[in-house]
Amino acid sequence: MSDTIENPFYGSPFPRAACNTPSVQYHLPLSADKLSSSKVIKGFVIFPSHAWANSRVPLLVLSRLRLKASLLVKPDMLTLTALVLSQNLPLPPLRYDYNALEPHIDARTMEIHHLKHHQTYTDKLNAALATLRSDPAHKHLAKMGIDKLLGHLDEAPKALQNALRNHGGGYVNHGLFFDGMSPDGGGEPTQPALVEAIQTAFGSFASFKSYFALAALELFGSGWAWLVYDQATAAVKITTTANQDTPAMQPGLVALLGLDVWEHAYYLKHQNVRKNYVEDFWNIVSWEEVAKRYDAAVSRGKAQDKSEV
Ligand code: MN3
């Protein structure tokens, strides 16, 4: 294994050791005008390589660093000293451009949804996690990962429970939603295990679609429609959650596909006609991603069954 990783995103080598080092020098092409007068950039997200960006995990380690400008090497290239000052979760990057889902979801909606809504959930979750971390009696909860923490909300201090539920749920839900769509999506799933699970539960893909659409349309107010895997029955089913509640809050439920039916998800294009938005959604569902989540949920369920025997 070599000491450096090609960093195609920034076009310069990236030291592998940087992952675990609290202070290290990075070479990033970053124009001087992007630096604030204090020369400290808060919340800068580093994407060390395409492979890593896809895996998410190192992003949690590396993103949201505070970068301190130390030396200007050439006009558009600063050598930055990165100091890991926080353990904040990043705003997960989209896997496609804002306009990639048009005409089904318009670019402006995607941009606001990601950069404003998802960012706000991210920021407020990070604030709540920081408070949790500062409390010696509860800091272990902040370490369990947000998906797991959402299943243990009752163990958090009362004053933090709502923030963790709303913004933690919002953080997780939007990640599932955005990654569950693709410009190459749509059509019907072809992955045999997922196809069989849908047929077993709903009779056919067409009836699954109509049940799911009905759930999304009948959900009053803001919330989510989901296809989930239920570990208790080892089967898929449809469920809805209100506000930013997430399937992970219920023991044994794993989200496979989520549709955001808050008006902010569709109002610019579809206005009050949620039905049209739901119909458009089918053209961009990434069945590849849903199948991946299904396979992971099934194998996790099997592993748990074994450990309980
Ligand atoms: Mn939303």
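In which loop does Pro103 lie? Pro103 is in the loop between strand S6 (77-83) and helix H3 (107-133); helices (H or I, at least four residues) and strands (E, at least two) are DSSP runs, numbered from the N terminus.

The model shown in these views is predicted: local features need pLDDT of at least 70, side-chain atom pairs count only at pLDDT 80 or more, and totals for chains, interfaces and linings use all residues. Residue numbers start from 1 along each chain as its sequence is written.

**View 1. Cis peptide bond at Pro103.** Glu102 and Pro103 are joined by a cis peptide bond, with omega of about 5°. Most peptide bonds are trans.

**View 2. Strand S7 and its surroundings.** S7 covers residues 223-230. Seven of its eight residues are buried (20 or more other C-beta atoms within 10 Å of the residue's own, with C-beta atoms placed from the backbone). The strand is therefore largely enclosed by the rest of the structure.

**View 3. S7 paired with S8 and S9.** Two strands pair if DSSP finds at least two bridges between them. S7 pairs with strand S8 (residues 235-242) in the antiparallel sense, over eight bridges. Val228 has Lys237 in S8 as its bridge partner. The pairing of S7 with strand S9 (residues 253-260) is also antiparallel and runs over seven bridges. In S9, Leu257 stands opposite Leu227.

**View 4. The turn between S7 and S8.** The two strands form a hairpin with four residues between them. Ala234, in the turn, has a positive phi of about 50°.

**View 5. Asn243 and Gln271, two residues with positive phi.** Most residues other than glycine have a negative phi. Asn243, in the loop between S8 and S9, has phi near 55°. Asn243 has 15 other C-beta atoms within 10 Å and so is partly exposed (between the limits of 12 or fewer for exposed and 20 or more for buried). For Gln271, phi is near 45°; this residue is in the loop between helix H9 (267-270) and helix H10 (274-281). Gln271 is exposed, because 11 other C-beta atoms lie within 10 Å.

**View 6. Confidence along the chain.** The protein chain has a mean pLDDT of 77 (the predictor's confidence in each residue, from 0 to 100), and 71% of its residues reach 70 or more. Over residues 1-86 pLDDT stays under 50. For residues 1-86 the model has 104 contacts beyond four places in sequence, a contact being two residues whose C-beta atoms, placed from the backbone, lie within 7 Å.
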